[in-house]
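Welcome, and please take a moment to look over the sequence and the model before reading on. We will go through it together, one place at a time.

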Amino acid sequence: MAHQRIILHLDMDSFYASVEMQDNPELKGKPVVIGADPKNGTGRGVVSTCSYEARAFGIRSAMPISQAFVLCPHAIFLPPHFPRYAKASAEVMAILKSHGFLFQQVSIDEAFLDVSAVGSYAAATDLAARIRDEIHTRLGLTCSIGIAPTKVVAKIASDVNKPDGLTVVERENLFSFLAPMPVRKIPGVGKRSEAELFEIGIRTIKDLVEFDIQVLIARFGRSAIALQAITTGIDDDLVEERDGVKSVSRETTFPEDTKDEQVIVATIDALAREACRNLVDESLRCRSVTIKVRYNGFVTRTKARTLSYYTDDASIVRSCSHSLLRDIFDDRPIRLLGIRLSSFEKHDARQMILKV
Ligand code: TTP
Ligand code: MG
């Protein structure tokens, strides 16, 4: 069949933890947790990720580190080493790009390739095996790959046989593959959408695709159309070569909840400085600044502003963050503060010349 689309999605397994295990083989086979210092159970940050051995104890990304400590006190807790993960990520992405297909990096450890040009799912499966082999031999890391006619299904597929999995879903198997899955498996369907779908009796993807589209549109807007089309294998979301970095975030959890203005101001300044340093390193400028505040009890509020110009200037990001914080701060003690920069332009030499 001419022009059948074949999309490959790759996601590294327990990425930060696997890099640490590769650098220190003594960690292999053990529960390893990357994140904040648990301080014997009193630590206040969160888990970045953990090895599959740690997941057997119920530990997960974004869980409070204190809870991870309760679940597995004998786990090996390590602080993150971001420059090391960035290097490993660049090596993985270089291997992926070297195959010459349309490539799109979507996060530090995942990317899409449009491999339609190989001509068949069998050939795409061979290619996936070669990529997995190459990554394992050169970097000592494992990954999981999904192959499907659309990006969204390839992403779902890469996740179902983790770790070290390969899952191929051809067009004729789309419905049987997706139908029994809970709607939450669809990327972008979070806790809130899941609850709203539950309310109208939709639990599985089968329930979703069989539901009256008019009712779905009335409730969820026109995005419901794409959501319901998931089993058709038709999707306009193409693999696009674009900058892999979509946002830069920095956040910190305070040792104790605080409403001390000096501490808050100093923290925002430090976060703005660090995030902007990261922008400069990547030759990026941002136009959107988002501030995140978490109060005691994990109630989290965010507020964003889009500037009328691009910037990598920490003092601009700082003053923008202060004013955003004033809008959402309600005088309760703060547990966590974060800044996220997004809507980037590449600030390359050519642009600099044009601007002079
Ligand atoms: P993921 O691919 O979501 O997770 P993972 O690679 O650790 O595990 P999996 O085998 O399930 O893919 O995220 C990639 C990295 O991003 C992860 O290693 C650490 C970081 N990360 C965080 O710092 N915080 C988070 O909440 C998540 C989800 C990831
Ligand atoms: Mg991963």
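The paragraphs below start at the two ligands and then visit some single residues elsewhere in the chain.

Keep in mind from the start that this is a predicted model. A good first stop is ligand 1, which has 14 residues around it. Asp11, Ser14, Thr49, Tyr52 and Arg55 are the closest of these. If you sort the shell by residue character, you find five nonpolar, four polar and five charged residues. Which elements of the fold supply at least two residues each to this shell? They are strand E1 (7-12), helix H1 (15-23), strand E3 (47-50) and helix H2 (52-55).

Now look at some contacts with the oxygen atoms of ligand 1. Threonine 49 places a polar side-chain atom 2.5 Å from an oxygen of the ligand, and tyrosine 52 does so with a polar side-chain atom at 2.6 Å. Tyrosine 16 takes part through its backbone: a polar atom there is 3.0 Å from an oxygen of ligand 1. How much of the ligand does the protein bury? On its own, ligand 1 exposes 560 Å², and the protein buries 70% of that area.

Next comes ligand 2, a magnesium ion. Its protein partners are Asp11 (OD), Met12 (O) and Asp109 (OD), at distances of 2.0 to 2.3 Å. Asp11 is thus a residue to remember, as it is also listed among the closest to ligand 1. The magnesium site has six donor atoms, with angles of 79 to 178° among them, and its geometry is octahedral. Along the sequence, the donor residues follow the spacing D-M-x96-D. Methionine 12 belongs to strand E1, while aspartate 109 sits in the loop between strand E5 (102-107) and strand E6 (110-114), so this pair ties together parts that are 97 residues apart in sequence. Methionine 12 and aspartate 109 are both buried.

Let us move on to two other side chains. Histidine 322 is part of helix H13 (residues 314-328). Is this histidine 322 buried or exposed? Histidine 322 counts as buried because its relative accessibility is 18%, and the cut-off for buried is under 20%. Its side chain makes a polar contact of 3.2 Å with the side chain of aspartate 269. Glutamate 240, in turn, lies in the loop between helix H11 (223-228) and strand E9 (247-258). With a relative accessible area of 38%, glutamate 240 is partly exposed. From C-alpha to C-alpha, glutamate 240 is 31 Å from isoleucine 34, and the two are 206 residues apart in sequence.

Finally, consider some details of the backbone. Most residues other than glycine have a negative phi, and most peptide bonds are trans. Against that background, notice the cis peptide bond between lysine 162 and proline 163, with omega at about -10°. Proline 163 is in the loop between helix H6 (151-160) and strand E8 (166-168).

Alanine 62 has a positive phi of about 75°, although it is not a glycine. You can find alanine 62 in the loop between H2 and helix H3 (65-71), where it is exposed, with a relative accessible area of 53%. Aspartate 331 also has a positive phi, near 75°. Aspartate 331 is in the loop between H13 and strand E12 (334-346), and at 48% relative accessibility it counts as partly exposed.

Methods: Residues numbered from 1 in each chain as written. Chains lettered and ligands numbered in written order. Predicted model: local features only at pLDDT ≥ 70, side-chain atom pairs only at ≥ 80, totals over all residues. Heavy atoms only, no water. Near = heavy atom within 4 Å. Polar contact = N/O pair within 3.5 Å; in protein donor to acceptor, adjacent residues only side chain to side chain. Areas by Shrake-Rupley, 256 points an atom, 1.4 Å probe, with all protein chains shown as cover. Helix = DSSP H or I, 4+ residues; strand = E, 2+ residues; numbered from the N terminus. Nonpolar A, V, L, I, M, F, W, Y, C, P; charged D, E, K, R; others polar. Donors = N, O, S within 2.8 Å, 3.2 Å for Na, K, Ca; no water. Tetrahedral: all angles 85-135°; square planar, octahedral: opposite > 155°, others 65-115°. Buried < 20%, exposed > 50% of the residue type's maximum accessible area, 1.4 Å probe, protein only.
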